[in-house]
Structure formats: C-alpha cells, structure tokens
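Me: I'd like to learn how to read a structure like this one, feature by feature. Could you walk me through it?

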Amino acid sequence: MTGLGTIINSVSILAGGLLGHLTGKLFNREQQDAISKICGVSVLFIAIAGAMERMLKIEGTKISSGRSMLVVLCLVIGTIIGELIGIEKGFEHFGEWLKKKTGNSGDTYFVTAFVTASLTVSIGAMAIVGAIQDGLTNDYSTLAVKSVLDFIIVAVMTSSMGKGAAFSAIPVFVFEGGITLLARFLSPIMTETAIIYLSLIGSVLIFCVGINLVWGKKLNVANMLPAVLLAILASYVPWGF
C-alpha cells in the first residue's frame, strides 16, 4: 500500500504524544523543564553525529574536514530567504489556529511545542528518502524506523512542553505524503550527493532546534528551512564543496 509509511509515522507521533501527555502529568513544572533540556541535549548530540559524519573524512591516520563552505552558504542564503518569506510566522500562525480549533487556547506552550516538535521530526534525509522509497516501491522500512525515533522524541517533548508537540503529526503527514505522491518526479533529483548534502544541512538545523530546547528560543529555525532546498541544488553545481 503506497503511503503506508507516512500513515505509520503520523500515528506513531500521535501515540508518542498521547503517552507524553499521560506521563507529563506525573511531573511538576520544574521537572518538566529539566526533561525538556535533557531532550535538547540529546537532540544536540544526534545532530552533531549526523553533521560530523558528512563533514569528516579519515585519510590514513589523519582526520580531515570539508564542506564548510556548503554549510555557510546554504545557511546564510537560506536564512535570508526564510526571513523574507516569514516561514516562522507561518508556522506560528498555523499553531495558533490549531490551538484555538482544538480547544487549547489556555495552553501558553502549545505553539512553541508544535513548532519545535514539527521541525525536529520533519527535517532530515530519512523523511525524504523514506517517502520516495514508499512511493516508488511501497518499501516503508525507512519510515518505520523513523517512526520509532519520532515516537520517543515526541513522547518526551509532549511530557515536558505540552500536547502541542503531538500535532507535529500534521506537517509530517502533509510533507511525507506529498513526497510519496511525487516520488517518481523527485527520485531522479535525489542523487547520492544530494542526499549527503541534505543530511548535513538537516543535521545542522536539528542542532539549532536543540539549542532552542536547552537555552530557550534563540534561533528562528523555520526561517532556515530553505537551506535544505539549497543543499539539494548545490549537489548539481559542477564544482564540489
């Protein structure tokens, strides 16, 4: 069944949100804040591992790094584009609309939880590559693995930040579902180099999400999302990064 991976991923996020909502009541605000920061630290280390895997190379007995210019150009230009478009505000407006429609107007953390969780579970190569595999061959194994990770992440985020995190299932469903439907058109674009570049920039953006979790909102990560598209375009530049 085409699209089954997207359904599994979306349901796993909702299930994680339900578990987090139930367990979150067991902790007071101070304890929830501590859990949120620990979640942020975990996200930071996951992001660092992903970025270093794409930037570092072992040559004999030496470790060398590369693709620094790719990171700088994609992030700077991508952020400029995102700021001009106002992607972050779009996320927040949708979050505010969801908050009212779901009867959570009194939840002051709803929008923050929704935006943070959405960015954490939507960014990355697994979502794109997994959705393409699902669309072309009905192979949902990559999205199934991602579902387990997202279940844990959203459960922790919901327990510490509130039920808004569970609604990150909506952008994931739309994003992955759309890619699955367009898989035949997107598959030729996602070359090996494109996936490497996407993974690198995606990991850096997830690192930025971790910063916001640990130290409070410091970066408008949603406005940095165009950097992911620029990373894919950069894979077609005739010279390497």
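Me: Let's begin with one residue: in which helix does D150 lie?

Reply: D150 lies in helix α7. Helices here are DSSP runs of H or I with at least four residues, strands are E runs of at least two, and both are numbered from the N terminus. Before going further, note that this is a predicted model: local features need pLDDT of at least 70, side-chain atom pairs count only at pLDDT 80 or more, and totals for chains, interfaces and linings use all residues. Residues are numbered from 1 along each chain as its sequence is written, and side-chain values use heavy atoms, with hydrogens and water left out.

Me: Is D150 buried or exposed?

Reply: The general idea is a cut-off on relative accessible area: under 20% is buried, over 50% is exposed, and partly exposed is in between (1.4 Å probe, protein chains only). D150 has 4% relative accessibility, so this residue counts as buried.

Me: Which residues does D150 touch?

Reply: A contact means heavy atoms within 4.5 Å. Leaving aside residues up to four places away in sequence, D150 touches N9, I13 and V121.

Me: Now the charged pairs. How many salt bridges does the structure hold?

Reply: A salt bridge requires a side-chain nitrogen of Lys or Arg within 4 Å of a carboxyl oxygen of Asp or Glu. By that criterion, the structure holds six. One of them pairs K146 with E176, with the closest N and O atoms 3.1 Å apart. K146 belongs to helix α7 (residues 141–161) and E176 to helix α8 (residues 169–181), so this pair ties together parts that are 30 residues apart in sequence. Both K146 and E176 are buried. There is also a network: salt bridges that share partners join E88, E92 and K217.

Me: Which salt bridge pairs residues within helix α2?

Reply: Look at D33 and K37, whose side chains meet in a salt bridge at 3.6 Å, N to O. They sit four residues apart in helix α2 (residues 29–55), so about one helical turn separates them. D33 is partly exposed at 38% relative accessibility, and K37 is partly exposed too, with a relative accessible area of 37%.

Me: And what separates E96 and K99 in helix α4?

Reply: About one helical turn, because E96 and K99 are three residues apart in helix α4 (residues 87–101). Their salt bridge has its closest N and O atoms 3.4 Å apart. Here the two partners fall in separate classes: E96 is partly exposed at 33% relative accessibility, whereas K99 counts as buried at 11%.

Me: Let's zoom out. How many helices and strands does the chain have?

Reply: Eleven helices and two strands. Along the sequence, the pattern reads α-α-β-β-α-α-α-α-α-α-α-α-α.

Me: How compact is the chain?

Reply: Compare the radius of gyration, taken over C-alpha atoms, with the globule rule, which is 2.2 Å times the number of residues to the power 0.38. The chain has a radius of gyration of 18 Å, close to the 18 Å that the rule gives for 241 residues, so it is as compact as a globular protein of that length. Along the principal axes, its C-alpha atoms fill a box of roughly 55 × 40 × 40 Å.

Me: What share of the residues count as buried?

Reply: Of the 241 residues, 46% do. As for contacts between residues at least 6 apart in sequence, 79% join residues at least 24 apart.
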